[in-house]
2 protein chains.
Amino acid sequence: MDKNKIIRIKDIAKLSGVSVGTVDRVIHERGKVSEVSKAKVEKVLKEINYTPNLLAKTLGSNKVFKIALLAPHLDEDPYWNLALSALGSTQKEWQPYHIEILPFYFELHNADSYHKESERLLACNPDAVISAPIYLPEALTFSKKLKVMNIPFIHFNTLITEADPLAFIGQDLYQSGRLAASLLNLVCHDQKGSLATLHIVQSIQHSIHFQDKENGFNDYCKALASPQKTTSILINAHTQELFEASLLKAINEFEVKGLFIPTSSGAKKTAEVLRNNHLKDIKIVGYDLIQDNIDLLRSGEIEFLINQSPNKQLYRGVYHLAHHLLFKNPPPKKELFPLEIITRENIDSYTCAQILNQ
Amino acid sequence: MDKNKIIRIKDIAKLSGVSVGTVDRVIHERGKVSEVSKAKVEKVLKEINYTPNLLAKTLGSNKVFKIALLAPHLDEDPYWNLALSALGSTQKEWQPYHIEILPFYFELHNADSYHKESERLLACNPDAVISAPIYLPEALTFSKKLKVMNIPFIHFNTLITEADPLAFIGQDLYQSGRLAASLLNLVCHDQKGSLATLHIVQSIQHSIHFQDKENGFNDYCKALASPQKTTSILINAHTQELFEASLLKAINEFEVKGLFIPTSSGAKKTAEVLRNNHLKDIKIVGYDLIQDNIDLLRSGEIEFLINQSPNKQLYRGVYHLAHHLLFKNPPPKKELFPLEIITRENIDSYTCAQILNQ
DNA sequence: ATGAAAGCGCTAACAG
DNA sequence: CTGTTAGCGCTTTCAT
């Protein structure tokens, strides 16, 4: 038993008294193998710990795997821009292993475009798919098609349990809401007033995604030793003026002392209103390291950000799919990312570090 | 110009009218090549864009690179246990690329043992070294030897600028102290009293490492709109009773309302004292996700932890050295890790997620 | 159904 | 000095 000895297919062949070809067929379930040979090989496989050599594997094969990516267009929204910022380096990283990543972009506020791109995607018949399923019915339809075609797929960012993806990569949104509540309570527990979740309505699907966060937020406040009053503000305004008017009205009505803004882009609009109206004492907890939010955090207009690391989500999704394709390694059903708390004092350590791949 | 065509050494050989052997010699500057052949090959190389195939490269070579690791023994201390917890998977990950990681462990509180292990390490003549240089003079001596022997080395955990390593992996300790101060101020700004840095002296080298943290901590408190008084408590006690007595004395003397504990293992001893003496109102900020600290955070006896991710530090160090050896890719001179804030509400998201590699 | 053998791109040992 | 060739471990084709 030489522990350091690396086991090759050749070794397995010798041990089980068949040829390398047969071992290969058993391992990959390709071609025909007699029950007898199969049993012999499997017996050996069970006894030893065989790990195929990835290098030899991809070198010896000329198959190129295609992973298709379906996500919102990166020019429309800073959050998605951030999410896709690691695409280039991820592509480069996997290229040597014969894995290609083909992006398909849909328009963020256009469910129809989502559907169309998903069709274009299927047309290139990929070996696997990673997508951000932000349109519920369309994503379900798409997932069903993938199931039928037997194409493995991973979801990131948005959890749709019914779609039953190979894996989900993202955060626990309920807990994220709890965290936000705990932070907001920390900075304004000594003032009177209520804490509000601010929903800025842009399109319907958002409400689903953000409900979990709000639930966590409210539950946390309710369960406090001295319960904290919470409210929910829903604003559907197309101009900044209308938005301002609605927000001010709500702030007055509920005596708001802290705002929880579950969208990454909402904090800027909100901070602007507070600034213009000298409402410095109202604290904000927002989401994600998009430039606007970083600036607001530095200037002191936002108290905390919670980082969802959307770029890492994509990176990990590709990682899991690649391993699935290359080794049939099943990924964990759910990979929940840490809920990263960002403040003025640690923001630099997040923006300077380029610890992406890895 | 077929863009998709991947250029092989064979192609270069054909284009320059020499053999693959000669091309290989030119590319790697090994063996003897006539000026004429060299010129021919270099001309072709300049015209085309040749990227060697890593897979073929490592597969075709039987050179195994040895990366030696020098770190404290993992059985002595939970922090180092955590730091080295990823060693096994890291070794496994790099094995296929012909990279071996050979650990050498020294005794944490024994500079002599550090020296001895560093000598043993050199005796195995490694191709690169990654070490935690926690003993200043010994680490400098060691670094000088490595420089002379032309062995690339990376430092993690502790920064020693004079040693001039290929790279440093760790955190900005000054900023880390500032962060701790901001957190502690958040939870006890409404009480009277001072905030104290608690140094539990175990051996001399610690003072160097932790001074930066304390400076950041104090500077932050001084610069507040209403400056916060700070003190420094130094305890050198061999029994928990002596420790308790000293700590209580200091707490009374300085009217301590919050404690900053820059070592990962100090929080437990301290929390115990506070618990026994019903000093619930004194808040603690500590370091690292070792089990004791996790428990104390959950039970509410610690307010915040700052995570140094020592396991990732090692992982990244190996990553950089491997790339350096395989591709001559120079790593960044410094890789500073994010200062991760851990609270009761996000601890689960850190302990559940097994997002280590990568 | 199975074994033998020819690659994949690169390295390194071996003749000249 | 230079060309040739035998691997590295796995895939895939081709006989048998």
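1. Start with the bases of DNA strand C. In this predicted model, a polar backbone atom of A:Gly60 sits 3.0 Å from a base oxygen of DNA strand C. A polar backbone atom of B:Ala56 lies 3.2 Å from a base nitrogen of that strand. A polar contact here is a pair of N or O atoms within 3.5 Å; within protein, one must be able to donate a hydrogen and the other to accept it, and residues adjacent in sequence count only if both atoms are side-chain atoms.

2. Now the backbone of DNA strand C. A:Ser37 has a polar side-chain atom 2.4 Å from a phosphate oxygen of DNA strand C. There are 23 residues around this strand, and A:Lys32, A:Ser34, A:Ser37, B:Asp24 and B:Tyr50 come nearest. A residue counts as near a strand if one of its heavy atoms lies within 4 Å of it. Of the atoms of DNA strand C that come within 4 Å of the protein, 78% belong to sugar and phosphate.

3. Which elements supply the surface near DNA strand C? Helix H2 (20-28) and helix H4 (54-60) of chain A each supply at least two residues, and so do helix H2 (20-28) and helix H4 (54-60) of chain B. H4(B) has the largest share, with 3 residues. Helices (H or I, at least four residues) and strands (E, at least two) are DSSP runs, numbered from the N terminus.

4. Next, the make-up of that surface. Near DNA strand C there are 7 nonpolar, 10 polar and 6 charged residues. Ala, Val, Leu, Ile, Met, Phe, Trp, Tyr, Cys and Pro count as nonpolar; Asp, Glu, Lys and Arg count as charged; the others, Gly among them, count as polar.

5. Turn to DNA strand D. It has 25 residues around it, and A:Asp24, A:Tyr50, B:Ser34, B:Ser37 and B:Gly60 come nearest. Sugar and phosphate make up 68% of the atoms of DNA strand D that come within 4 Å of the protein. A:Asp24 places a polar side-chain atom 2.6 Å from a phosphate oxygen of this strand. For A:Tyr50, a polar side-chain atom is 2.5 Å from a phosphate oxygen of DNA strand D. At the bases, a polar backbone atom of B:Leu59 is 2.8 Å from a base oxygen of DNA strand D.

6. The surface near DNA strand D draws two or more residues from each of H2 and H4 of chain A and H2 and H4 of chain B. H2(B) gives the most, with 4 residues. By class, this surface holds 8 nonpolar, 10 polar and 7 charged residues.

7. How are the two protein chains related? Chain B superposes on chain A after a rotation of 179° with 0.7 Å of shift along its axis (RMSD 1.2 Å). That is the relation of a two-fold axis. The fit is by least squares on the C-alpha atoms of residues with pLDDT of at least 70 in both copies. The copies meet through the same surface, because 97% of the interface residues of chain B are also interface residues in chain A. Contact means heavy atoms within 4.5 Å.

8. Last, the cysteines. How many disulfides does a search of the whole structure find? It finds 0 over all chains; a disulfide is a pair of cysteine sulfur atoms within 2.5 Å. A:Cys188 is in no disulfide, and its nearest cysteine sulfur, that of A:Cys221, is 9.1 Å away. A:Cys188 is buried, with a relative accessible area of 1%. A:Cys221 is also buried, at 0%. Buried means under 20% relative accessible area, exposed over 50%, partly exposed in between (1.4 Å probe, protein chains only).

9. On conventions: residues are numbered from 1 along each chain as its sequence is written, and chains are lettered from A and ligands numbered from 1 in the order in which they are written. Local features need pLDDT of at least 70, side-chain atom pairs count only at pLDDT 80 or more, and totals for chains, interfaces and linings use all residues, while side-chain values use heavy atoms, with hydrogens and water left out.
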